[in-house]
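Thank you all for coming; I would like to walk through one structure today, going from a single residue outwards to the whole chain. Please have a look at the sequence and the model as they come up.

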Amino acid sequence: FGRHPHGFYGMVEMLRAWVSGLPLSGENAGAPVATTAASRKIRVAFVQFSGVATAPLTKTPVVGSAIKTPAGVGTAGRLSGNFAELSADLDWHEANYMEKGTYVNLGLQMAASILQNSPTDGRRRAVYVITDGQ
């Protein structure tokens, strides 16, 4: 994916490449419990967390908080097996980069909420945390 002037943008493109190689279910965000072979495939959601920042496009202050894509954008902050929805999420997160601090608590709470509010169909659940290590 080439060179990037900032590590965050490179990471977003790495995530896009990673998602494109996953055995995605093809299910749109908000799809009901799967009863087909799709239930054995993968759905993904993205959450961004920060210490103190303001999302550039929305100008929304996020202090010790987390953000996910809003309604009307990509997955709207839900699990999805649709690459186009996930790619739209990554575009939104790239445009709304929160750059200050590392406060993972609310990010993990938001991830747990996404998992709790998704259909329960026997799939394994995992949360991957990518952080600056601070």
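Ile130 sits in the segment that follows helix H3, which covers residues 105-116, and I should say at once that what we are looking at is a predicted model. With a relative accessibility of 43%, Ile130 counts as partly exposed, because that category takes in values between 20% and 50%. Together with Met14, Trp18 and Tyr128, Ile130 makes a nonpolar patch on the surface, with an area of about 440 Å².

That brings me to helix H1, which runs over residues 7-20. H1 has 14 residues and reaches 20 Å from its first C-alpha to its last, which is close to the 20 Å expected at 1.5 Å a residue. Which residues of H1 are buried? They are Phe8, Gly10, Val12, Glu13, Leu15, Arg16 and Val19, so you will find charged side chains such as Glu13 and Arg16 listed beside Phe8 and Leu15.

Moving on along the chain, Arg43 is found in the loop between H1 and strand E1, the latter being residues 48-54. Is Arg43 buried or exposed? Its relative accessibility is 16%, and Arg43 therefore counts as buried, since the limit for that class is under 20%. If we set aside the neighbours within four places in sequence, the residues in contact with Arg43 include Ser25 and Glu27, then Leu79, Ser80 and Gly81, and also Ser118, Pro119, Asp121 and Arg123.

Ser80 comes up again when we turn to Glu85, a residue of helix H2, which spans residues 83-95. Glu85 is buried as well, its relative accessible area being 16%, and its side chain is joined to that of Ser80 by a polar contact of 2.5 Å. Not counting residues up to four places away in sequence, Glu85 touches Asn28, Ala29, Gly74, Thr75 and Ser80. For Asn28, the separation along the chain is 57 residues, whereas the C-alpha atoms of Asn28 and Glu85 are 7.5 Å apart.

Let me finish with the chain as a whole. There are three helices and two strands, and from the N terminus on the order of the elements is α-β-β-α-α. Of the 134 residues, 40% count as buried, while the chain exposes about 7,700 Å², with carbon and sulfur atoms supplying 56% of that area. Finally, if we take the contacts between residues at least 6 apart in sequence, 67% of them join residues at least 24 apart.

Note on methods: Residues are numbered from 1 along each chain as its sequence is written. This is a predicted model: local features need pLDDT of at least 70, side-chain atom pairs count only at pLDDT 80 or more; totals for chains, interfaces and linings use all residues. Side-chain values use heavy atoms; hydrogens and water are left out. Helices (H or I, at least four residues) and strands (E, at least two) are DSSP runs, numbered from the N terminus. The expected span of a helix is 1.5 Å times one less than its number of residues. Buried means under 20% relative accessible area, exposed over 50%, partly exposed in between (1.4 Å probe, protein chains only). Contact means heavy atoms within 4.5 Å. Accessible areas come from the Shrake-Rupley method with a 1.4 Å probe; for residues, only the protein chains shown count as cover. Patches are made of residues with over 30% relative accessible area and no salt bridge: like charges are joined within 9 Å, nonpolar side chains (Val, Leu, Ile, Met, Phe, Trp, Tyr) within 5 Å. A salt bridge is a side-chain nitrogen of Lys or Arg within 4 Å of a carboxyl oxygen of Asp or Glu. A polar contact is a pair of N or O atoms within 3.5 Å; within protein, one must be able to donate a hydrogen and the other to accept it, and residues adjacent in sequence count only if both atoms are side-chain atoms.
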